[in-house]
Amino acid sequence: MKVLVIGAGNMGLTYTSSIAKSGYLKKEDLIIFDKSLELRETLKKSTENYEVYDTLEDCLPIADIIFLAVKPYHNDELMQEMRAMMNDQQLVISIMAGVTIETIQNGLGIKKVVRAMPNLPAQVGKGMTSYLAAPEISRIELWMVEDLLNTTGKSVRVDSQMFIDASTGISGSGPAYVFYFMESMMEAAKSMGFSDNDSKVLVSATFEGAIELFNKNKLSPDSWMKRVSSKGGTTQAALDSLIDNNVQQLIHDAAYAAFNRAVELGKESTELQEK
Ligand SMILES: NC(=O)C1=CN([C@@H]2O[C@H](COP(=O)(O)OP(=O)(O)OC[C@H]3O[C@@H](n4cnc5c(N)ncnc54)[C@H](O)[C@@H]3O)[C@@H](O)[C@H]2O)C=CC1
Ligand SMILES: O=C(O)[C@@H]1CCC=N1
């Protein structure tokens, strides 16, 4: 079985590297295509020794499973290039935000499409991926897809594309919200007089410790908050400030903004195809 990754950026390379490390495929069965000549040359020289192809014509017809890892706005042009070379046994896994299974099926003239939404921690094997497969995909094919997705971390199968868009707003874009929170805490630490490095260590260790506690048992975040807080103490002062400023609602709105944007991206790509 040959797996082709189209688009060797952040996510495409993450999959390539995770699949390579997993030993799931023979080296020559994991192949890459990116339209950037510069990137292809860099990849060819890298110590990873990836199988990089210069043209779609050379790699697409020999691929059994194809990852689409380009930006949603590059998808239409890419699918037009791919369409004539596709056969109906090929299985496509798209990780593009918003772009629907139907858009890909229509664009490529095939039925076997999986839509997945991973996230960036996949780079360190701690990814969270939601996915949905078209009904034309067999159980055995689904197992292979799950194996490939799980090389980057955990996955959850959802039963409608709405949940792929929704998980884009939670886990797909979510790492950026966490980084935003970290940056805000680091800024506060620096304004209190800590050095850049100390600010980083204070914040990073706090996140790491809190996550480890949270994963330790079934206690809710609220229960953990209560364990940190003393009545009339410092944590309560901070939590009161967060509550007064409605930060929970702001985070809720941010997640919905990403969810809604995913839905919009899907509509934009369908409209582009219909033109
Ligand atoms: N970055 C993230 O955290 C996440 C990204 N995604 C999705 O993954 C997809 C890729 O995102 P990134 O890896 O961040 O983008 P990126 O910009 O790092 O990589 C995209 C790559 O696609 C290549 N490309 C563009 N058009 C092409 C074509 N016609 N043929 C071959 N290669 C082409 C570009 O040269 C580039 O190397 C997006 O659709 C995004 O929605 C999904 C979950 C998380
Ligand atoms: O920002 C984006 O559109 C992509 C999808 C999820 C994370 N990054």
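Colleague: Which residues surround ligand 2, and how should I read such a shell?

Modeller: A shell is read first by its members and then by their classes. In this predicted model, ligand 2 is surrounded by Ala-97, Thr-168, Gly-172 and Ser-173. Sorted by class, that shell holds 1 nonpolar and 3 polar residues, with no charged residues, and Gly is counted among the polar ones.

Colleague: How many residues surround ligand 1, and which are the closest?

Modeller: The shell around ligand 1 has 27 residues, and the closest are Gly-7, Gly-9, Met-11, Met-96 and Ala-97. By class, this shell divides into 15 nonpolar, 8 polar and 4 charged residues. Ala-97 is listed for ligand 1 and also belongs to the surroundings of ligand 2.

Colleague: Which elements give two or more residues to the shell around ligand 1, and which gives the most?

Modeller: Helix 1, covering residues 10-22, and helix 4, covering residues 72-83, are the elements that give two or more residues to that shell. Helix 4 gives the most, with 4 residues.

Colleague: Turning to the sheet, what is the order of its strands, and which strands lie at the edges?

Modeller: One reads a sheet by following its strands from neighbour to neighbour. Here an open sheet of 8 strands has the order 3-2-1-4-5-6-7-8, and its pairing is mixed. The edge strands are strand 3 (51-53) and strand 8 (153-157), each of which pairs on one side only. From one strand to the next, the twist averages 25 degrees.

Colleague: How many bridges join strand 1 to strand 2, and do these strands run parallel or antiparallel?

Modeller: Strand 1 (residues 3-6) and strand 2 (residues 30-33) run parallel and are joined by 4 bridges. Within this pair, Val-3 has Leu-30 of strand 2 as its bridge partner.

Colleague: Which strands does helix 7 touch where it packs on the sheet?

Modeller: Helix 7, residues 161-172, packs on the sheet and touches strand 6 (113-117) and strand 7 (127-133), and its direction makes about 170 degrees with that of strand 7. Two of the residues around ligand 2, Thr-168 and Gly-172, fall within the range of helix 7.

Colleague: Finally, what does the domain assignment of the protein give, and what does UniProt list?

Modeller: The assignment gives domain 1 (3-167) and domain 2 (174-244), whose C-alpha centres lie 36 Å apart. Separately, an unreviewed UniProt entry lists residues 2-98 as "domain: Pyrroline-5-carboxylate reductase catalytic N-terminal". In the model, that span is 39% helix and 20% strand, and its end C-alpha atoms lie 26 Å apart.

Key: Residues are numbered from 1 along each chain as its sequence is written. Chains are lettered from A and ligands numbered from 1 in the order in which they are written. This is a predicted model: local features need pLDDT of at least 70, side-chain atom pairs count only at pLDDT 80 or more; totals for chains, interfaces and linings use all residues. Two strands pair if DSSP finds at least two bridges between them. Axes are lines fitted to C-alpha atoms, for helices over the stretch in contact, and angles run from 0 to 180 degrees between N-to-C directions. Two residues are in contact if their C-beta atoms, placed from the backbone, lie within 7 Å. A residue is near a molecule or strand if its C-beta atom, placed from the backbone, lies within 6 Å of it. Domain bounds come from an automatic or database domain assignment. UniProt positions are given in the numbering used here, feature names are shortened, and annotations may be inferred rather than shown by experiment.
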